[in-house]
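Thanks for coming. I will go through one structure today, element by element, and stop at a few places that deserve a second look.

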Amino acid sequence: MLRIRHITMFTAAATALAAGLFGAGTAGAQDKVTIGITSALSGPLSAPGKFQMNGFRLAEEEINAAGGVSIGGRRIPIELKVYDTRGNPGEGASAMQRLATVDNVPVVLGELSSGVAAAMAPIAEDNELPLILTVPTGPSLTQQGHKFLFRVNANNAQLNRALAEFLGQQGWSPVAFIAWNNDAGRGGVNGMKSMLAAAKDGYVGYFNVGEVDFSSHVSNIRASKAQAVMLLMDEEPGSLAIRQIRDAGLDVHLVGTLAMGSDRFLKRLDAQKLAGMVQYNAFPPNADVPRIKAFSARYKAKYGEEAHGFAAQSYDGLKLAVAAMEQAGTVTDRKAIREALAKIQYDGVIGRVAFGDNGQASPPVYVTQWCEDGKRRILFPESMKAGCGAG
């Protein structure tokens with residue numbers, strides 16, 4: 001009996017040694033790869049959060065249908081560990097800490113708010129955990145020297161640069177603004193003023209979350225004789241502001257943001273109120289481009305609605321995270337995955353994704369315009385210009 005006990009103890013010790021040598025988290029021992037996801041599943045940002053999660057889920061489904069991550073000749077399915085940050089920086093920091101130290105994931109993707117992303121970035125850096133952003137646009141996020149932070153989508157400066165180039169060609173002057181009274185709103189105004197001469201002396205009005213009356217801004221825009229007004233806000237206040245501007249008979253060109261270029265936004269307003277409005281856009285879902293058409297068809301088949309830029313960016317983010325793990329040859333070594341991300345050249349549905357030294361990608365940016373029939377056309381860049389139904 002004693003001899004059997006010694007043999008059993010020796011076998012257990014050998015097993016423990018093997019685990020220590022080869023690691024319980026190596027590809028050879030894992031039956032799945034857990035990838036961290038943060039988004040706003042509830043609260044005021046839950047609507048765009050839905051688009052973000054749709055993109056992640058579609059990518060997850062396709063990756064697993066192909067067998068998962070390919071490491072050393074073996075395929076390992078992925079599983080998403082999702083945390084709801086509710087658009088709150090404290091919740092985001094808590095989720096990031098847990099993903100880094102308790103869930104021990106090799107990479108984290110997501111987030112919607114630049115403020116939440118800013119709270120998560122130092123934790124990712126401290127834990128040497130790659131963090132891939134797919135929606136936040138605050139330019140400063142990739143200017144803090146965080147080596148483990150990457151951003152798939154264009155930032156505000158890139159979006160504004162494309163829009164300023166387009167607006168500069170239109171000759172609309174002066175340009176007025178109604179913007180969120182926060183860093184994103186003020187940053188957007190300052191960015192456009194620095195790039196667009198017609199905006200330098202235009203009226204600027206700020207509003208706080210929850211405000212629904214834009215009448216004073218409408219009066220001030222009328223008095224300023226602005227030819228165009230840019231609305232730096234999301235769907236809900238955007239629809240209210242547009243309705244009040246149109247109902248007041250204010251004859252101005254409307255300029256919107258990413259949130260105002262989808263079928264979802266059209267449902268908040270009738271086509272006549274949106275007709276002629278332009279907005280920068282990261283992903284025109286109806287463009288006659290094979291990669292865009294294919295993704296849009298798969299998205300509509302799964303979710304029954306038009307594809308959205310946030311979904312496309314998030315889909316690409318998860319796909320390129322898997323590609324980086326495959327190039328690194330590991331699903332556990334965070335540093336190796338980070339190095340693979342820094343060098344990656346990934347052709348996604350939003351275009352070529354490659355990160356600069358600061359972790360920022362430079363995907364294409366478009367300007368689209370609402371037509372009277374509720375469809376959209378592509379106006380910019382010139383090489384992509386197309387009629388109603390293309391945007």
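**Helices, a sheet and some odd backbone angles**

Let me start with helix α12, residues 309-328. At 1.5 Å a residue, its 20 residues should span 28 Å, and the end C-alpha atoms are indeed 28 Å apart, which agrees. Please keep in mind that this is a predicted model, and that goes for everything I show.

Is α12 enclosed or open to the outside? Of its 20 residues, 17 are buried, so the helix is largely enclosed by the rest of the structure. After α12 comes Gly-329, with a positive phi near 75 degrees.

Helix α2, residues 46-65, can be put through the length check too. It has 20 residues and reaches 28 Å from its first C-alpha to its last, close to the 28 Å expected at 1.5 Å a residue. Just after α2 sits Gly-67, where phi is positive, about 110 degrees.

Now the sheet. It is an open sheet of 7 strands with mixed pairing, and the order is β9-β8-β10-β11-β12-β15-β16. Which strands stand at the edges? They are β9, residues 204-207, and β16, residues 376-380; each has a single partner strand, so one side of each is left without a neighbour in the sheet. From one strand to the next, the twist averages 25 degrees.

Take the β9 edge. Strand β8, residues 175-180, runs parallel to β9, and 4 bridges join the two. If you want a point to look for, Ile-178 stands opposite Gly-205 in β9. Tyr-206 is worth finding as well, since Arg-186 lies over the face of its ring, at 3.9 Å from the ring centre. Across β8, β9, β10 and β11 lies helix α8, residues 235-247, and α8 runs at about 160 degrees to β10.

Over to the β16 edge. Here the pairing is antiparallel: strand β15, residues 366-370, and β16 share 4 bridges. Thr-368 has Ile-378 in β16 as its bridge partner. The two strands form a hairpin with 5 residues between them, and in that hairpin Gly-374 has a positive phi near 85 degrees. Although β16 is an edge strand, it is mostly covered, with 4 of its 5 residues buried. There is a charge over a ring here too: Arg-376 lies over the face of Trp-370, at 5.0 Å from the ring centre.

Next, the aromatic rings. A pair of aromatic rings is described by the distance of the centres and the angle of the planes. The count comes to 7 aromatic pairs. In one of them, Tyr-299 and Tyr-303 have ring centres 4.8 Å apart and planes at 50 degrees, so the pair is tilted; stacked would need planes under 30 degrees apart, and edge-to-face over 60.

Where are these two tyrosines in the chain? Tyr-299 and Tyr-303 are 4 residues apart in helix α11, residues 290-303, so they are separated by about one helical turn. An α-helix has 3.6 residues a turn, so residues three or four places apart point the same way.

Buried or exposed? Tyr-299 has 0% relative accessibility and counts as buried. Tyr-303, at 23%, counts as partly exposed, because the cut-off for buried is under 20%. Ring pairs link both of them with Phe-283, Phe-295 and Tyr-315 into a cluster.

Last, some backbone oddities. Most residues other than glycine have a negative phi, and most peptide bonds are trans.

Two peptide bonds to note are cis. One joins Ser-173 and Pro-174, with omega about -5 degrees; Pro-174 lies in the loop between α5 and β8. Another joins Phe-380 and Pro-381, with omega about 0 degrees, and Pro-381 lies in the segment after β16.

Then there are two positive phi values outside glycine. Asn-104 has a phi of about 55 degrees. The residue is found in the loop between α3 and β5, and it is exposed, with a relative accessible area of 54%. Lys-225 has a phi of about 60 degrees. Its place is in the loop between α7 and β10, and at 68% relative accessibility Lys-225 also counts as exposed.

That is the tour. Questions, please.

Conventions. Residues are numbered from 1 along each chain as its sequence is written. This is a predicted model: local features need pLDDT of at least 70, side-chain atom pairs count only at pLDDT 80 or more; totals for chains, interfaces and linings use all residues. Side-chain values use heavy atoms; hydrogens and water are left out. Two strands pair if DSSP finds at least two bridges between them. Axes are lines fitted to C-alpha atoms, for helices over the stretch in contact, and angles run from 0 to 180 degrees between N-to-C directions. Contact means heavy atoms within 4.5 Å. The expected span of a helix is 1.5 Å times one less than its number of residues. Rings of Phe, Tyr and Trp (its six-membered ring) pair if their centres lie within 6.5 Å; planes under 30 degrees apart count as stacked, over 60 as edge-to-face and the rest as tilted. Buried means under 20% relative accessible area, exposed over 50%, partly exposed in between (1.4 Å probe, protein chains only). A charge sits over a ring if NZ of Lys or CZ of Arg is within 6 Å of the ring centre and within 35 degrees of the ring normal.
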